[in-house]
Structures are given as C-alpha cells and as structure tokens.
Amino acid sequence: MRIVVPRETAPGERRVAMAPGSVKRLVSGGVAVAVETGAGLAASFTDEEYREAGAEIIADPGALFQAADFVGKINVPQVRDDGFDEIAAMPSGTLCVAMLQPYANSAALDRLAAQGVTSVALELIPRTTKAQRMDALSAFSTIAGYAGVIRGAEELGKFFPMLTTAAGTIAPARVFILGAGVAGLQAIATARRLGAVVEAFDIRPVVKEQVESLGAKFVEWNEADEGRETEGGYAEEVSESEAERERQLLSDHIAKSDLVITTALVPGRPAPRLITEDMVRRMRPGSVIVDFAAEAGGNCELTVAGETVRRHGVSIMGPLDLASSLPVPGSEMYGRILAALIEHASNEDGILEIDLNDPILDASVVTHGGKVRFEA
Ligand code: NAD
C-alpha cells in the first residue's frame with residue numbers, strides 16, 4: 001500500500017496531513033509513504049525529517065498522485081493555482097481521506113465519485129468510544145478551544161489571574177464559556193490555567209461534572225434534561241421558545257463577564273442565537289466575545305465571520321481559523337488519526353478494504369463505487 005501526503009494549497013493553510021512521527025510508524029509497519037516536496041515546511045517539518053522517517057519525497061504532484069492507494073489531505077482536494085487538478089490526478093480506486101465538508105461541498109463529492117475515488121469525510125466519524133482515535137473534529141476543536149482563549153486574552157485589556165502586587169491587588173478576569181463540548185471544555189481548562197474565574201453553561205446537564213472537574217462553576221438550567229444527548233454524543237437542537245428562555249438565563253452571567261467564549265452548536269444546524277444585541281449592550285466596555293460558531297451563523301447576533309467588530313464598546317471576534325492556527329499539534333494529531341483510520345480500514349494482510357457494514361466507515365464514507373452515498 002502506498003500513502004500519499006500532498007502539500008496543502010488552500011490559502012493560509014499551514015498544516016500538513018501527516019507529521020514525520022506518523023510516517024515513521026507507518027513505514028516501520030511495512031507501508032510505503034510518499035510526501036510532496038515542502039509539504040510540511042509551514043508546519044516546521046522539513047523534507048529531511050520525512051526522508052529520515054522513511055518517506056519518499058516527490059516534487060512532481062502528477063507523479064505523486066499517480067501511484068497512490070491512499071491520499072491523506074486536510075482540505076478538500078482542489079484545482080491548484082497552477083491548474084493542477086488533484087481529483088483528476090487520483091487513480092480510480094484510490095481511498096482519499098480529508099475534511100471534505102460534505103454539508104457544503106457537493107460538487108467535490110460528485111467529482112470524487114465520478115473519478116471512482118472512495119472518499120472518507122472525517123467530519124462524519126461518529127463520536128463513539130471506538131471511533132475516538134479517528135475523530136479529527138475533536139482534535140481540531142481541542143486546538144480551537146485553546147487558541148480561542150489565547151486570542152480573547154490578547155484582545156482583553158486585563159490580566160487573567162488575580163495578582164497581588166506592590167501597587168495593590170488586581171482582580172482576576174471573569175470568563176464565561178457557552179457550550180461545554182470538546183472546544184468548550186478545552187477553553188475552560190485553558191482559561192483556568194491562566195488563572196481566570198470561569199463559569200460555563202451547556203444544555204446537556206451530563207457535562208456538569210466535567211466542567212466542575214476543570215475548576216469552573218456550572219450554570220444550572222432547570223429545563224436542561226438528560227435526553228438532550230443523541231446517540232452520537234451530540235446535543236438536540238433547542239426550540240425557539242426554549243432558546244428565548246435560555247437567553248434570559250444567560251443574560252446576567254454574560255453582563256458580568258470580561259470574556260465570553262461561545263461554542264454552542266448542533267452539527268449541520270445553524271448556530272443557536274444565544275447572545276442578542278441587547279445582551280451585548282449590557283456588557284462592560286472593553287469586554288470581549290469570541291464566537292466559535294461564526295461559520296455557522298454565529299452564537300452572537302452581531303458576529304461577523306472572519307472579523308473582529310466593536311459594538312457598544314465590546315469586541316466581538318468571529319475567527320474562522322482557530323483549528324488551523326497551531327499547525328504543529330494540528331499536523332501531529334491529524335497524522336495519528338489517518339494512521340488509525342488506515343489500521344481500522346485494513347484487513348489482516350494490511351490491505352485497505354472498505355467494509356460498509358462497519359459502522360464507522362458506513363457513517364463516514366461519502367463516495368464509493370462511482371456513487372455519492374452522503375445525504376445532507
Ligand atoms: P461539540 O458538539 O463538542 O460542542 C458543542 C456544544 O454545544 C455541545 O456540548 C452542545 O451540547 C452545546 N450546545 C448545543 N446547543 C446549545 C445551546 N442552545 N446552548 C448551549 N449549549 C449548546 O462541538 P465542538 O467540537 O466543541 O465545536 C464547538 C464549535 O466550535 C462548533 O461551532 C465548531 O464548528 C466550532 N469550531 C470553530 C473553529 C474556528 O476556527 N472558528 C474551530 C473548531 C471548532
């Protein structure tokens with residue numbers, strides 16, 4: 001089997017699908033790995049390190065893709081600026097694994113299917129214990145949770161910890177995290193490590209214990225109930241009237257916070273509106289909101305995706321690049337995820353075998369046998 005790791009060519013992308021550590025483990029297991037020249041440079045991994053790990057370095061993308069059994073990418077395969085078409089270059093029968101954005105990218109799925117490529121959208125890997133090792137969304141949300149707090153802290157004109165100085169005692173920052181899923185829990189942990197006083201809220205009461213174990217206070221809602229969690233480990237969407245009651249509950253907590261991080265989302269649904277303009281008006285000037293759900297419409301109604309706007313004295317940040325902002329751990333984690341998927345999808349002889357009766361592959365294989373098998 002030959003695994004191919006191309007350069008990521010999406011604008012601003014610094015990650016690579018596999019770091020040298022994962023290449024080394026795969027090669028020692030008898031798998032051939034080819035890496036495009038310079039693929040890891042933006043993530044600090046040199047061609048030399050890949051070579052030492054046992055990879056072949058190939059400069060010509062045509063030659064690279066031509067011999068692939070498995071293409072590992074982070075972003076959707078695309079036509080590069082120089083006209084090189086990544087999908088057209090994949091041999092029929094290739095397995096391509098990437099963050100394929102299946103909800104937003106039907107054109108790429110159509111092309112992959114027409115090319116005879118079997119493709120896995122890593123976003124669709126279920127959040128089950130067995131699939132944990134292949135869960136790229138969780139890996140990137142962990143990174144985003146950390147990076148979002150650091151960005152918010154930079155924007156906030158305050159210390160996070162309480163400081164006792166010769167010039168008196170400075171009060172700690174108050175941080176409120178909305179949505180205590182993977183990103184939210186990492187945001188709580190990061191804000192606590194920096195010394196802030198942290199509160200958190202989620203409609204799934206099952207996370208209370210995790211929030212408290214990280215040293216944050218869980219805001220209770222008597223309407224929250226255990227049945228809000230689906231089998232896949234995600235939340236059920238709230239109705240508009242429930243959302244209104246939720247906003248009433250959150251309003252006072254938001255008003256007294258210096259930094260609010262919002263990560264509330266139900267996959268495939270528009271982001272729930274948790275913060276209205278009136279609620280922003282009640283915040284102190286200089287406060288900061290980091291809205292992780294900007295891409296899905298925003299948890300705050302004033303969020304502008306990809307920008308930081310100032311309204312009523314409050315900075316509202318809608319970053320889209322949190323997950324990709326730490327390319328070193330991002331590439332290391334992604335490479336391990338690809339290696340785990342390869343192991344999962346290989347038979348006893350180490351040959352890739354797509355068994356659609358397997359629940360993990362059934363959920364995440366979006367093109368197979370010339371057909372798109374994903375329905376939004
Ligand atoms: P997750 O599913 O683990 O967490 C989302 C949480 O929101 C869940 O705990 C869920 O119960 C909660 N939730 C849903 N509806 C809610 C509501 N009405 N009120 C309160 N809580 C509610 O998802 P995640 O992996 O932690 O990702 C969180 C968000 O961060 C997503 O929007 C994701 O797209 C985003 N994200 C953004 C970036 C970026 O660069 N901007 C990077 C990574 C993740």
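Which backbone atom lies 2.7 Å from an oxygen atom of the ligand? In this predicted model, a backbone N or O atom of A183 occupies that position, a polar contact being defined as a pair of N or O atoms within 3.5 Å, where, within protein, one atom must be able to donate a hydrogen and the other to accept it, and residues adjacent in sequence count only if both atoms are side-chain atoms. A polar side-chain atom of R204 is likewise placed 2.7 Å from a ligand oxygen atom, and a polar backbone atom of L265 lies 3.3 Å from an oxygen atom of the ligand. Of the 860 Å² of accessible area that the ligand has on its own, 90% is covered by the protein (Shrake-Rupley method, 1.4 Å probe; for residues, only the protein chains shown count as cover). Two or more residues of the shell are contributed by each of α5 (136-155) and α6 (182-193); helices (H or I, at least four residues) and strands (E, at least two) are DSSP runs numbered from the N terminus.

The model is predicted, with local features requiring pLDDT of at least 70 and side-chain atom pairs pLDDT 80 or more, whereas totals for chains, interfaces and linings use all residues. Residues are numbered from 1 along each chain as its sequence is written, and side-chain values use heavy atoms, with hydrogens and water left out.

The ligand is surrounded by 28 residues, of which R127, S141, D202, R204 and E246 come nearest (a residue is near if one of its heavy atoms lies within 4 Å). By class, the shell comprises 19 nonpolar, four polar and five charged residues; Ala, Val, Leu, Ile, Met, Phe, Trp, Tyr, Cys and Pro count as nonpolar, Asp, Glu, Lys and Arg as charged, and the others, Gly among them, as polar.

An open sheet of seven strands has the order β11-β10-β9-β12-β13-β15-β14, with mixed pairing; two strands pair if DSSP finds at least two bridges between them. At its edges, β11 (217-218) and β14 each pair on one side only. Strands β9 (residues 174-178) and β10 (residues 197-201) run parallel and are joined by five bridges, with F176 opposite E199 in β10.

Two non-glycine residues have positive phi. Q101, with phi of about 45°, is found in the loop between β5 (95-98) and α4 (106-114). H312, with phi of about 55°, is placed in the loop between β14 (308-311) and β15 (314-317). Q101 is partly exposed, at 40% relative accessible area, and H312 is also partly exposed, at 35% (buried, under 20%; exposed, over 50%; partly exposed, in between; 1.4 Å probe, protein chains only).
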